[in-house]
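Let's look together at how two protein chains meet. Keep the structure in view as you read.

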2 protein chains.
Amino acid sequence: MDVKLVNPFINATINVLETMAFMNVNAGKPYLKMDSMAVGDVSGLLGLTGIANGTIAVTFEEKCILTIVSNMFGETMSELNDEIGDAVGELTNMISGQARRELEGMGKVFKAAIPSVITGKNHSIVHYSEGPKIAIPFNTDDGDFTIEVCFE
Amino acid sequence: MDVKLVNPFINATINVLETMAFMNVNAGKPYLKMDSMAVGDVSGLLGLTGIANGTIAVTFEEKCILTIVSNMFGETMSELNDEIGDAVGELTNMISGQARRELEGMGKVFKAAIPSVITGKNHSIVHYSEGPKIAIPFNTDDGDFTIEVCFE
């Protein structure tokens with residue numbers, strides 16, 4: 001996988017969370033996933049097609065997404081409910097949209113399917129592709145989340 | 001959503017499970033999902049783009065997928081492990097591939113992203129689209145599963 005495909009997703013994630021949730025997020029070093037398992041409590045998942053087919057997943061720990069959505073809405077969210085799911089769907093769309101615009105500027109055009117949001121304590125996600133799976137860990141003052149980008 | 005988009009997924013599901021797992025599956029009446037929640041133990045999820053953007057999800061109860069994969073492999077599977085995940089990814093790809101071929105014959109061309117498999121007891125999936133979400137319940141002698149098809 002062209003590593004140039006990954007940076008736009010990092011940039012978009014930082015920008016979206018700063019803009020929407022006033023959060024400072026720190027991107028850790030991207031790593032190649034060997035065990036191909038994202039484990040978390042809420043995930044947004046979005047398929048991509050185009051010069052390569054792929055998928056991105058944004059997987060949050062409960063505490064982290066509750067803080068993000070509390071900041072977005074300006075009210076304290078204390079449980080994983082439909083509003084949290086809506087927000088994760090919207091964040092996933094926005095991260096994908098900004099990343100795809102940056103990629104398009106590099107001549108790499110992708111189309112996006114529609115996002116799905118998975119909720120379930122400690123669910124895991126495995127992407128089925130021969131291609132490498134790149135995970136980017138993010139940390140915030142209120143817990144961690146991970147972006148996975150996987151292309152054929 | 002054009003209801004003609006749904007039948008190819010029903011036909012493909014029946015055909016794939018009969019061919020790969022020697023299972024008789026009965027398709028129930030498709031219904032419009034109002035609560036937009038598939039709840040199950042293992043799901044395959046695949047994004048589609050093309051004349052409409054969408055996603056399909058295949059969500060299995062544990063007992064049902066264990067029987068299906070036991071039949072596919074010719075050995076008794078007793079827990080949700082990586083092999084079950086691989087099989088769900090493969091089944092999702094095959095159902096999507098056959099359905100897309102039938103749709104292409106109708107002049108409706110879709111591209112598929114790559115499948116992701118979610119494992120987690122009683123996880124739920126919500127699709128973020130303004131479009132209707134059609135659920136098709138399937139039953140077998142060994143438990144139930146659901147296909148969801150959702151397009152913009």
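In this predicted model, T119(A) stands opposite S124(B), a residue of β6(B). The two facing residues belong to a pair of strands: β6 of chain A (residues 116-127) and β6(B) run antiparallel and are joined by eight bridges.

Now step back to the two chains as wholes. A turn of 180° with a shift of 0.0 Å along the axis lays chain B on chain A, with an RMSD of 0.0 Å. That is the relation of a two-fold axis. In chain B, the C-alpha nearest this axis belongs to G47(B), at 2.2 Å.

What surface do the copies use to meet? They meet through the same surface, because 100% of the interface residues of chain B are also interface residues in chain A.

Here are the residue counts by class for the side of chain B that touches chain A.

| Class | Count |
|---|---|
| Nonpolar | 12 residues |
| Polar | 15 residues |
| Charged | four residues |

The contact takes 31 residues from chain B and 31 residues from chain A. Together the chains bury about 2,300 Å² between them, and carbon and sulfur atoms give 58% of that area. On the chain B side, T49(B), I114(B) and Y128(B) lose the most area to chain A, together 31% of what that side buries.

How many salt bridges cross the interface of chain B and chain A? The rule finds zero, while it finds 15 residue pairs in polar contact across this interface. Several elements of chain B, including β3 (38-50) and α3 (82-105), each supply at least two residues to the side touching chain A. The largest share, 10 residues, comes from β6(B).

Terms used
Residues are numbered from 1 along each chain as its sequence is written. Chains are lettered from A and ligands numbered from 1 in the order in which they are written. This is a predicted model: local features need pLDDT of at least 70, side-chain atom pairs count only at pLDDT 80 or more; totals for chains, interfaces and linings use all residues. Side-chain values use heavy atoms; hydrogens and water are left out. Copies are superposed by least squares on the C-alpha atoms of residues with pLDDT of at least 70 in both. Contact means heavy atoms within 4.5 Å. Buried area is the accessible area (1.4 Å probe) that two parts lose on being put together, summed over both. A salt bridge is a side-chain nitrogen of Lys or Arg within 4 Å of a carboxyl oxygen of Asp or Glu. A polar contact is a pair of N or O atoms within 3.5 Å; within protein, one must be able to donate a hydrogen and the other to accept it, and residues adjacent in sequence count only if both atoms are side-chain atoms. Helices (H or I, at least four residues) and strands (E, at least two) are DSSP runs, numbered from the N terminus. Ala, Val, Leu, Ile, Met, Phe, Trp, Tyr, Cys and Pro count as nonpolar, Asp, Glu, Lys and Arg as charged, and the others, Gly among them, as polar. Two strands pair if DSSP finds at least two bridges between them.
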